[in-house]
Amino acid sequence: MKPKSMLAMILFFMVITSTANARTVEIDVYGMTCAFCVDSLERNFGQMRHISKVEVSLKNKKIRLETDSALPTIETIKQTVLEAGFTPINVEVISDGDGKK
Ligand SMILES: [Cu+2]
């Protein structure tokens, strides 16, 4: 194998492994009533490590998180919702990053 294609292979596997543990997590939240609730949840999750994206929907009373690994744990996610002053009703892992459930 030529060095150039070898490098391409290595890069390819790096991409694969770095996304292997990415997850999308949805949390149903009780207690969200206004834009300030959304803001505080966004801020709390925005400060967390391993979180690459935070979407808070006031309409659906849901938080959607994208994480870069198997962290944070479901327990940590629940704790963060509680610390922001809300109640996590249900935490569901939507995708593990491979498109599988
Ligand atoms: Cu509010």
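Biologist: Let me get this straight before we look: axes are lines fitted to C-alpha atoms, for helices over the stretch in contact, and angles run from 0 to 180 degrees between N-to-C directions. With that in hand, which strands does helix H3 lie across, and at what angle to S4 does it run?

Modeller: Helix H3, residues 74-83, lies across strand S1 (23-30) and S4, and it runs at about 140 degrees to S4. Keep in mind that this is a predicted model.

Biologist: Noted. What about helix H2, which strands does it lie across?

Modeller: Helix H2 covers residues 35-46 and lies across S2 and S3. Its direction is at about 170 degrees to S2.

Biologist: Let me zoom out. How many helices and strands does the protein chain have, and in what order do the elements run?

Modeller: There are three helices and four strands. Starting at the N terminus, the order is α-β-α-β-β-α-β.

Biologist: And how do the strands line up in the sheet, parallel or antiparallel?

Modeller: The sheet is open, its four strands are ordered S2-S3-S1-S4, and the pairing is antiparallel. Strand S2 (51-57) and strand S4 (87-95) are the edges, each pairing on one side only. On average, neighbouring strands are turned by 20 degrees against each other, direction ignored.

Biologist: How many bridges join S2 to S3?

Modeller: Six bridges, with S3 being residues 62-67. Ser57, for instance, has Lys62 in S3 as its bridge partner. The two strands form a hairpin with four residues between them, and Lys61 in that turn has a positive phi of about 55 degrees.

Biologist: Switching to the inside: which residues make up the largest nonpolar core?

Modeller: That core has 12 residues, among them Ile27, Leu41, Phe45, Leu65 and Phe86. S1, H2, S3 and H3 each supply at least two of its residues.

Biologist: Met32 caught my eye. Which residues is it in contact with, leaving aside neighbours within four places in sequence?

Modeller: With those neighbours set aside, Met32 touches Cys37, Val38, Leu58, Lys61 and Phe86. Met32 also belongs to the core we just discussed, and Lys61 is the turn residue with the positive phi.

Biologist: Back to H3, then. Which of its residues are buried?

Modeller: Ile77, Thr80 and Val81 are buried in H3. Viewed down the helix axis, the buried residues fall within an arc of 100 degrees, so they line one face of H3. The elements covering them include S1, H2 and S4.

Biologist: Which residues are exposed on the other side of H3?

Modeller: Glu75, Leu82 and Glu83. After H3 comes Gly85, with a positive phi near 100 degrees.

Biologist: Last one: where is Pro72, and why does it count as buried?

Modeller: Pro72 is in the loop between S3 and H3. The cut-off for burial is 20 or more other C-beta atoms within 10 Å; Pro72 has 20 C-beta neighbours inside that distance, so it counts as buried.

Biologist: And which residues is Pro72 in contact with, again skipping neighbours within four places in sequence?

Modeller: Met48, His50, Thr67 and Ile77. Ile77 is one of the buried residues of H3. Pro72 and Ile51 are also 7.8 Å apart, C-alpha to C-alpha, while 21 residues apart in sequence.

Note on methods
Residues are numbered from 1 along each chain as its sequence is written. This is a predicted model: local features need pLDDT of at least 70, side-chain atom pairs count only at pLDDT 80 or more; totals for chains, interfaces and linings use all residues. Two strands pair if DSSP finds at least two bridges between them. Two residues are in contact if their C-beta atoms, placed from the backbone, lie within 7 Å. A nonpolar core is a set of buried Ala, Val, Leu, Ile, Met, Phe, Trp, Tyr and Cys residues joined through C-beta atoms within 7 Å. The arc is that of the directions from the helix axis to the C-beta atoms.
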